[in-house]
Amino acid sequence: MVNNQSNTNNPRLDYEYRRRKNAEGMRIQVATFTLMIFFTVISFAAVAAGFSKWFVIPVILLLAVIQVGFQLYYFMHMGEKGHEAPSMFMWSGIGVAFLTILAFVTIIWW
Amino acid sequence: MSTIAQKRGFASTIWDYLTTVDHKKIAILYLIAGGFFFLLGGIEAMLIRIQLAVPNNDFVSAGFYNELLTMHGTTMIFLAAMPLLLGFMNAIMPLQIGARDVAFPFINALGFWLFFFGGVFLNLSWFLGGAPDAGWTSYASLSLASEGHGIDFYALGLQISGFGTLMGGINFLVTIINMRAPGMTYMRMPLFTWTTFVASALILFAFPPLTASIFMLTFDRMFGANFFNVAAGGNTIIWEHFFWIFGHPEVYILILPAFGIFSEIFATFSRKRLFGYSSMVFATVLIGFLGFMVWAHHMFTVGLGPVANAIFAVATMAIAVPTGIKIFNWLLTIWGGSIKFTVPMIYAVAFIPSFVMGGVTGVMQAAAPADYQYHDSYFIVAHFHYVIVGGVVLALLAGTHFYWPKMFGTMLSEKIGKFTFFFFFVGFHLTFFVQHFLGLMGMPRRVWTFLPGQGLDTGNLVSSVGAAFMAIGVVSLLVNIVITTMKNERVGNDPWGDGRTLEWALPSPAPFYNFKQLPLVRGLDAYWLEKMEGKDTLTPAEPIGDIHMPNPSFVPVVISFGLFVAAFGAMYQVDDKPWAIPVLIIGLAITFGAMLYRSIKDDHGFHIHKEDLMEDDDDNKGVKA
């Protein structure tokens with residue numbers, strides 16, 4: 001329960017603090033959720049509207065990356081205290097995977 | 001090695017080691033198995049050097065020579081150097097951070113047994129129709145064309161042992177992140193722990209590409225896939241990239257723990273704090289980071305184009321910077337120290353010039369245009385033996401002498417140790433120094449013979465004589481081990497007298513629960529700090545209480561054995577043997593059955609009770625942490 005530690009001995013203050021923090025967390029959660037649905041709508045709309053695929057594919061990929069970020073940081077709380085090591089290793093793994101893919105699409109001839 | 005003195009029969013000792021989940025016993029298993037494979041690889045090396053001692057030699061056939069060189073490389077990297085380092089990590093790292101065991105003792109045992117069965121499987125190829133013969137890199141076009149089952153043994157054996165290594169790496173990461181004693185901050189960790197940490201992270205990221213590429217190779221050879229088959233639309237270069245995306249970090253997986261061992265030795269026997277500790281940590285992490293951006297320097301001649309070659313050349317040269325930081329820090333650690341030339345220290349001092357020579361030729365090869373000249377010549381062979389033998393193997397020998405008392409409770413003879421060092425070190429330079437020039441004169445690597453009168457005769461003979469010297473060195477080390485074990489003169493906590501880190505505060509060997517009370521770490525070199533304040537014990541961080549321990553388990557052996565059996569099935573179904581598919585299924589059933597058993601059965605471990613710990617104290621066996 002790293003995230004629910006209290007710094008004071010005053011249970012009343014502690015309760016107030018946690019209430020406010022949870023309320024804020026909930027607000028962000030809902031906002032992110034709305035945004036994610038909105039992004040999904042945009043993606044579908046972009047395809048349905050029949051734009052050029054050179055426009056649609058990058059946009060969808062960009063939105064997908066943002067959604068993964070939302071997922072990791074707001075739904076899975078990766079940015080909070082006590083998540084430094086997993087977050088570092090995830091980013092390193094993403095870095096290595098990205099480098100591999102980059103190499104395979106650039107310097108391998110087919 | 002249990003501290004509870006009791007007479008044990010031979011069979012019960014064997015059973016104890018088969019079922020152990022204790023990191024110190026697993027370390028001994030790694031040391032024995034890795035040492036065995038080291039001797040095998042050494043014998044293969046001797047046969048190679050006998051064949052190349054004189055021109056036009058016919059001591060071995062060309063085909064057998066290919067098998068020898070392939071198995072020498074594969075065995076030395078995957079089955080000797082890495083397991084031996086994992087052995088030292090297992091033995092020392094938990095003690096250094098003040099932990100009672102690794103985070104997942106069961107997985108630790110599983111990792112060892114997977115490595116062991118994978119290694120045995122690979123070496124059974126000698127008796128079952130021929131060993132792999134496409135070089136340790138096993139480039140796909142060549143390995144797909146290889147006849148017989150050699151490459152199948154390579155693919156399946158390395159796959160199994162690779163699972164084990166990956167598990168070991170993850171285990172060490174979790175252990176170091178979560179199980180450090182109170183006060184042991186990241187920047188107070190001994191350098192061997194730091195290098196273990198970074199090497200484990202490299203294992204975590206480097207082994208998946210290897211696993212993926214070996215799976216593709218396995219399916220290409222055994223199940224009719226065409227990943228690398230150009231004729232069927234595959235691409236053979238994919239293997240090379242995958243292999244080196246793994247292969248380059250792999251050499252840092254080997255050298256970083258070696259750096260760690262030497263850092264401990266330099267500080268201990270110079271009786272000084274390691275110079276520039278924080279820059280050492282920084283350099284270690286930077287080497288690990290850069291290690292993933294340089295793999296294509298093994299492929300300069302493939303034809304990646306000038307831009308890619310230039311990028312990878314510059315990135316490769318950049319690695320010389322953190323490595324240089326380390327070299328200077330070691331020199332400055334010795335500088336002004338009160339130096340004791342024990343055997344480990346002699347190895348450490350000899351390591352610096354040897355490794356620097358390997359590093360300098362490395363920077364030479366990093367220049368892509370020049371590399372076209374060096375590529376696939378003996379210059380390359382000289383270079384990587386200078387870094388691997390001059391770095392990793394010297395560290396393994398030094399570490400064997402340095403940590404032997406902590407692992408076995410006896411001191412290896414210093415006199416024989418110096419003899420070993422002399423022969424090994426002189427032999428090493430004799431063997432490999434001349435190979436630089438053989439390469440520059442045009443001798444290609446991986447050839448089974450050469451013609452007389454081309455200026456290669458003397459150099460090759462010198463090289464072979466050097467190899468004999470190295471063999472004498474290794475044999476004298478074995479003699480040393482046997483004599484020391486027979487004499488069995490027990491030593492105390494800190495046999496070198498200058499131990500700085502936590503492990504030297506424990507009895508040699510440490511009791512199976514390591515620390516009776518977890519220690520409070522008050523700075524870098526925690527034990528040294530306590531000694532400077534006139535104490536010979538660590539400050540405890542907790543009262544004596546019950547200690548929770550894991551139960552021994554035979555399941556890791558069964559899981560690994562199942563994969564070993566399955567590998568035979570996978571391999572022989574190529575020949576349409578009727579029993580092959582059933583064997584594959586039975587093997588997998590054993591593995592998954594054992595895993596299921598492990599998941600269903602509750603195993604809560606046991607407690608060592610406070611009273612027993614107190615009693616242990618009276619026998620003067622316990623840790624006074």
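Start at the seam between the two domains of chain A: select domain 1 of chain A and domain 2 of chain A, and look across their interface for salt bridges, of which the rule finds zero. Keep in mind as you go that this is a predicted model.

To make that selection, take residues 2–77 of chain A for domain 1 and 83–110 for domain 2. Colour them separately, then put a distance between their C-alpha centres: you should get 24 Å. Now show the contacts across the seam. On the domain 1 side of chain A four residues take part, and they meet four residues of domain 2 of chain A. The area buried between domain 1 and domain 2 of chain A comes to about 300 Å², with 60% of it on carbon and sulfur atoms. By class, the domain 1 side that touches domain 2 in chain A has three nonpolar residues and one polar residue, with no charged ones. If you switch on polar contacts here, one residue pair turns up across the interface of domain 1 and domain 2 of chain A, with both residues at pLDDT 80 or more.

Next stop: the interface between the chains. Select the residues of chain A that are in contact with chain B; there are 13 of them, and they meet 20 residues of chain B. Between them, chain A and chain B bury about 1400 Å², and 88% of that lies on carbon and sulfur atoms. Which residues of chain A lose the most area to chain B? Show Phe89(A), Ile107(A) and Trp109(A) as sticks: together this trio accounts for 39% of what the chain A side buries. Sorting the chain A side that touches chain B by class gives ten nonpolar residues, three polar and no charged. Hunting for salt bridges between chain A and chain B gives a count of zero. Polar contacts between chain A and chain B also come to zero residue pairs, counting pairs with both residues at pLDDT 80 or more.

Now hide chain A and colour chain B by confidence. The mean pLDDT of chain B is 93, and 97% of its residues reach 70 or more. Then zoom to residues 618–625 of chain B, where pLDDT stays under 50. For that stretch of chain B the model has 23 contacts beyond four places in sequence.

Last stop: salt bridges. Over all chains the rule counts twelve. One to pick is Lys340(B) with Asp498(B), where the closest N and O atoms are 2.7 Å apart. Another is Lys24(B) with Asp22(B), with 3.1 Å between the closest N and O atoms. Are the partners in that second pair buried or exposed? Lys24(B) has 12% relative accessibility, so it counts as buried. Asp22(B) is at 13% relative accessibility and therefore counts as buried too. The cut-off at work here is under 20% relative accessible area.

Methods. Residues numbered from 1 in each chain as written. Chains lettered and ligands numbered in written order. Predicted model: local features only at pLDDT ≥ 70, side-chain atom pairs only at ≥ 80, totals over all residues. Heavy atoms only, no water. Domains from an automatic or database assignment. Contact = heavy atoms within 4.5 Å. Buried area = accessible area lost by both parts, 1.4 Å probe. Salt bridge = Lys/Arg side-chain N within 4 Å of Asp/Glu carboxyl O. Polar contact = N/O pair within 3.5 Å; in protein donor to acceptor, adjacent residues only side chain to side chain. Nonpolar A, V, L, I, M, F, W, Y, C, P; charged D, E, K, R; others polar. pLDDT = per-residue confidence, 0-100. Buried < 20%, exposed > 50% of the residue type's maximum accessible area, 1.4 Å probe, protein only.
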